[in-house]
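Grab a pencil and open the viewer alongside the sequence. Here are a few short exercises, each with a worked solution.

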Amino acid sequence: MAHAIIRNIPNTITSCNLFCGCIACYMAFHSKYEWALLFIVLGAVFDFFDGMTARLLHVSSPIGKELDSLADDVTFGLAPAAIAFSLFKEVHYPDFLLPLSDIMPYTAFLISVFSALRLAKFNLDERQTSSFIGMPTPANALFWGSLTVGAHDFLVSDSFNALYLFILVLVMSLLLVAELPMFSLKFKDLSWGHNKISYIFLIVSIPLLIIFQLSGFAAVIVWYIILSLLTYKK
C-alpha cells in the first residue's frame, strides 16, 4: 500500500500541473490574463517538482512521461494559445485586415500545435539531456502571459496591431521546434568557468525585471533567445 502511494506521488504532482493548466485556459479565454499567468506559473512549479520527485523516489515510469507531456501541452501550449486568442479579439485591426478579423484569432492555436510537436520531439531527442534544442514550452508560456499582463495597454493601442501579433505567434511557434541549441540553467557547480553563460544570463535578467517589472519576464525570455543565438556553435 505504501509503495503504491509513493509510486503515484509524481503523477499526482503532474496532475496538479494539468489542473492548473485547465484553469489557466479558462481564465485566458475570459481575458483574465493575470489569473491565467498565475496558474501557468503554478503549473510550472508543479512541472519542476514532478520530475525531481520521480528521480528522488526512483519511480519514473512510461505513463508518467506521457502524462507529463499532456499536462505540459495544456499548461504551456493551450493556455498561452488561449491568451493570444483573446488578445486577437482586443487588438487593433488595420483596414486591410478587417475582413480577416473573425479568422485571425484562430491562428493563435498554432502555439498549441507547435508546443505539442516540441514536446513529442523532446521525448525522443537524446541530445536534450543537459541543454535544449528549441525553446522550452514553459518559457514560451511565460513569455505570452507576462507580455500580455505587463504590456496590455500597449498591445491594444493603435501602435500595435493584429499583423504584428500574428508575426509574433509565428516566430514564437517556430522557435519551439527550431534546430537551435538553447542553454540550460542547470548548474554543475558554482564556478564561473563552468557556468559563464548562465551567470551572464542572470546578471542581465535582474535589471530587465526591475526596468520592465511584470513584462520583464517576457524581456528575459527574449534575452534568453538572443544569448542562445550569440553562443550558438554549429
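**Exercise 1.** Find which residues Ser228 touches, not counting those up to four places away in sequence, and decide whether Ser228 counts as buried or exposed.

*Solution.* This is a predicted model, so treat every value as computed from it.
- Start with the contacts: Ser228 touches Pro181, Met182 and Phe183 once residues up to four places away are set aside.
- Next, locate the serine itself: Ser228 sits in helix H10.
- Then check its polar side-chain atom, which has the backbone oxygen of Tyr224 2.9 Å away.
- Finally, look at accessibility. Buried means under 20% relative accessible area. Ser228 comes in at 1%, so it counts as buried.

**Exercise 2.** Stay with H10 and work out how H6 packs against it.

*Solution.*
- Take the geometry: the angle between H6 and H10 is about 140°, and their axes are 7 Å apart.
- Now classify it. Roughly antiparallel needs an angle over 145 degrees. H6 is therefore oblique to H10.
- Add the handedness: the crossing of H6 past H10 is left-handed.
- List who does the touching: H6 brings Ala139, Leu142, Phe143, Ser146 and Leu147, while H10 brings Phe217, Ala218, Ile221 and Val222.

**Exercise 3.** Now do the job again for H5 and H6.

*Solution.*
- The angle here is about 160°, with 10 Å between the axes.
- Because of that angle, H5 is roughly antiparallel to H6.
- On the H5 side, the residues that meet H6 are Ile111, Ser115, Arg118 and Leu119; their partners in H6 are Thr137, Asn140 and Trp144.

**Exercise 4.** Follow Trp144 inward: what does Trp144 contact beyond its neighbours within four places in sequence, and which residues touch the most other members of the largest nonpolar core?

*Solution.*
- With those neighbours left aside, Trp144 contacts Pro80, Ile83, Ala84, Ile111, Leu165, Leu168, Val169 and Met172.
- The largest nonpolar core has 56 residues, and Phe88, Met135 and Trp144 touch the most other members.
- Several helices each supply at least two residues of this core, including H2, H5, H6 and H10. The top contributor is H4, with 10 residues.

**Exercise 5.** Zoom out and sum up the overall fold: how many helices and strands does the protein have?

*Solution.*
- Count the elements: there are 10 helices and two strands.
- Put them in sequence order and you get α-α-α-α-α-β-α-α-α-β-α-α.
- For burial, 44% of the 234 residues count as buried.
- For contacts, take those between residues at least 6 apart in sequence: 75% of them join residues at least 24 apart.

How values were computed. Residues numbered from 1 in each chain as written. Predicted model: local features only at pLDDT ≥ 70, side-chain atom pairs only at ≥ 80, totals over all residues. Heavy atoms only, no water. Core = buried A, V, L, I, M, F, W, Y, C linked by side-chain atoms within 4.5 Å. Buried < 20%, exposed > 50% of the residue type's maximum accessible area, 1.4 Å probe, protein only. Helix = DSSP H or I, 4+ residues; strand = E, 2+ residues; numbered from the N terminus. Contact = heavy atoms within 4.5 Å. Polar contact = N/O pair within 3.5 Å; in protein donor to acceptor, adjacent residues only side chain to side chain. Axes fitted to C-alpha atoms, helices over the stretch in contact; angles between N-to-C directions. Parallel < 35°, antiparallel > 145°, perpendicular 65-115°, else oblique. Left-handed = near helix turned anticlockwise from the far one by under 90°.
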